[in-house]
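Please look over the sequence and the model shown below before reading on. The paragraphs that follow go through helix packing, a pair of cysteines and a few single residues.

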Amino acid sequence: MDRLDAMAMFVATVDEGSLAGAARRLAVSPAKVTRALQMLEERLGERLIHRSARRLRLTEAGERSLSTYRAVLAELDQTEGGGAGDRIDGLVAVTAPELFGRRHVVPAIGAFLAAHPAARARALLLNRVVDLVDEGVDVAVRLAPLPDSGIVATKLGEVRQLVCASPDYIARAGAPETAQDLERHACLGDVESEAGALWRFAEPAARRGRRFSVTVRPRLAVNSAGAAIDAAVAGHGVCYALSYQVAEHIAAGRLRALLAPFEPEPIPVSLVFHPVPRRNVTLRAFIDHVAPRLRDDLAAVARRIGPPRAT
């Protein structure tokens, strides 16, 4: 195995927090990543990572080697071949859901462009799944479980599905105790449908977490999740939103999360892309820059909302 490839696998393992995550990012098998770490440790004569069933932890030798390997790989990306194609000056096309893109992806793109003035980016903020090949997109942020495919996925975190209302509304109408209680509440939907909107829940863990849905007929139906959340903040009713959409409102006390025992499983958030050729240094640099930032953003969202609480 090439030593530089082994270094790249070690760095990816640290960034992803797991051998499996590094394998997905680099489109190789977990066994190959394990062999790469073993090769580096044998050459150094020291352990780089303490591995357990739950987490990875760098040793002192691992901390020293990580900075060295990053520097070596960065220098290689800058100098290998010596041509214009090795500079970070290309176009990166990115897609993401509209509201998540505005709040998190576009700021991350802006930071990348500020760090690399010759690079360019195109952002498609769409509330649908974009075909990377057909629509000429390099990287996508997906808020959904991922099917098996030929793309590479880097997990960024997860978002929760929350029912929320303002303290004023709760004082007037009370708080629903079960999902079925929503029938007597003023619900705010983000799509208009004669059949109503479908809100997803799960039975409490004591009942094995069986998933179920409740159809609500919104008193106010709008074509924007942001507008529904604004209406909830104003006290007009109950909205169903993703955690990143309402984190600031919950932290500020403008909204309260309801029906915590019936909250469904979180939705995974991933950065997906086709395997990146070594020569495409702009795309590799973009992924390396954006993934940690989005991961930090989602962790901050989770901290603002806090863990689910029984009601």
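Is the crossing of helix 8 and helix 9 left-handed or right-handed? In this predicted model, helix 8 and helix 9 cross in the left-handed sense. Their axes come within 8 Å, at a crossing angle of roughly 45 degrees, with helix 9 spanning residues 281–305. An angle of that value falls outside the ranges for roughly parallel, roughly antiparallel and roughly perpendicular pairs, and helix 8 and helix 9 are therefore oblique to each other. On the side of helix 8 the contact is made by Ser243, Tyr244, Ala247, Ile250 and Ala251, and on the side of helix 9 by Val301, Arg304 and Ile305. Sorted by class, the residues of this contact are six nonpolar, one polar and one charged.

Helix 8, which covers residues 243–252, also meets helix 7, residues 225–233, and here the axes come within 11 Å and cross at roughly 20 degrees. Because angles under 35 degrees count as roughly parallel, helix 7 and helix 8 are placed in that class. Helix 7 passes helix 8 in a right-handed crossing, whereas the crossing of helix 8 with helix 9 is left-handed. Helix 7 brings Ala225, Ile229 and Val233 to the contact, and helix 8 brings Gln245, Val246 and His249. Four of the residues in this contact are nonpolar and two are polar, with no charged residue among them.

A further helix pair is found towards the start of the numbering, where helix 1 (residues 3–16) and helix 2 (residues 19–26) pack at an angle of about 120 degrees, with their axes 8 Å apart. That angle makes helix 1 oblique to helix 2, and the crossing, as helix 1 passes helix 2, is right-handed. The contact involves Ala8, Met9, Ala12, Thr13, Asp15 and Glu16 of helix 1, together with Leu19, Gly21, Ala22, Arg25 and Leu26 of helix 2. Its residues divide into six nonpolar, two polar and three charged.

Two of the residues in that contact, Glu16 and Arg25, reappear among the partners of threonine 154. Threonine 154 is part of strand 6, residues 152–159, and is buried, with a relative accessible area of 1%. Once neighbours within four places in sequence are set aside, its contacts are Glu16, Arg25, Val269, Ser270, Leu271, Phe273 and Arg295. Among these partners, Val269, Ser270, Leu271 and Phe273 have numbers that fall within strand 14, residues 267–273, while Arg295 falls within the span of helix 9, residues 281–305.

Returning to helix 7, what does alanine 232 touch beyond its neighbours within four places in sequence? Alanine 232, which is found in helix 7, is in contact with Ser166, Leu188, Gly237, Cys239 and Leu255. Alanine 232 is also buried, at a relative accessible area of 0%. Its C-alpha atom is separated by 9.9 Å from that of aspartate 168, although the two residues are 64 residues apart along the chain.

One of the contacts of alanine 232, Cys239, leads to the matter of disulfides. Why is cysteine 164 not bonded to cysteine 239? The two sulfurs are 4.9 Å apart, which is too far for a bond, because a disulfide calls for sulfur atoms within 2.5 Å. Cysteine 239 is accordingly in no disulfide, the sulfur of cysteine 164 being the nearest cysteine sulfur to its own, and the count of disulfides comes to zero. Both cysteines are nevertheless buried, cysteine 164 at 0% relative accessibility and cysteine 239 with a relative accessible area of 1%.

Leucine 259 deserves a look for its backbone: its phi is near 55 degrees, a positive value in a residue other than glycine. Leucine 259 sits in the loop between strand 13 (256–258) and strand 14 (267–273). Despite this loop position, leucine 259 is buried, with a relative accessible area of 2%.

These details belong to a protein chain with nine helices and 14 strands. Of its 311 residues, 44% are buried. Among contacts with a separation of 6 or more, 72% are between residues 24 or more positions apart.

Conventions
Residues are numbered from 1 along each chain as its sequence is written. This is a predicted model: local features need pLDDT of at least 70, side-chain atom pairs count only at pLDDT 80 or more; totals for chains, interfaces and linings use all residues. Side-chain values use heavy atoms; hydrogens and water are left out. Axes are lines fitted to C-alpha atoms, for helices over the stretch in contact, and angles run from 0 to 180 degrees between N-to-C directions. Helices (H or I, at least four residues) and strands (E, at least two) are DSSP runs, numbered from the N terminus. Angles under 35 degrees count as roughly parallel, over 145 as roughly antiparallel, 65 to 115 as roughly perpendicular and the rest as oblique. A crossing is left-handed if the near helix is turned anticlockwise from the far one by less than a right angle, and right-handed if clockwise. Contact means heavy atoms within 4.5 Å. Ala, Val, Leu, Ile, Met, Phe, Trp, Tyr, Cys and Pro count as nonpolar, Asp, Glu, Lys and Arg as charged, and the others, Gly among them, as polar. Buried means under 20% relative accessible area, exposed over 50%, partly exposed in between (1.4 Å probe, protein chains only).
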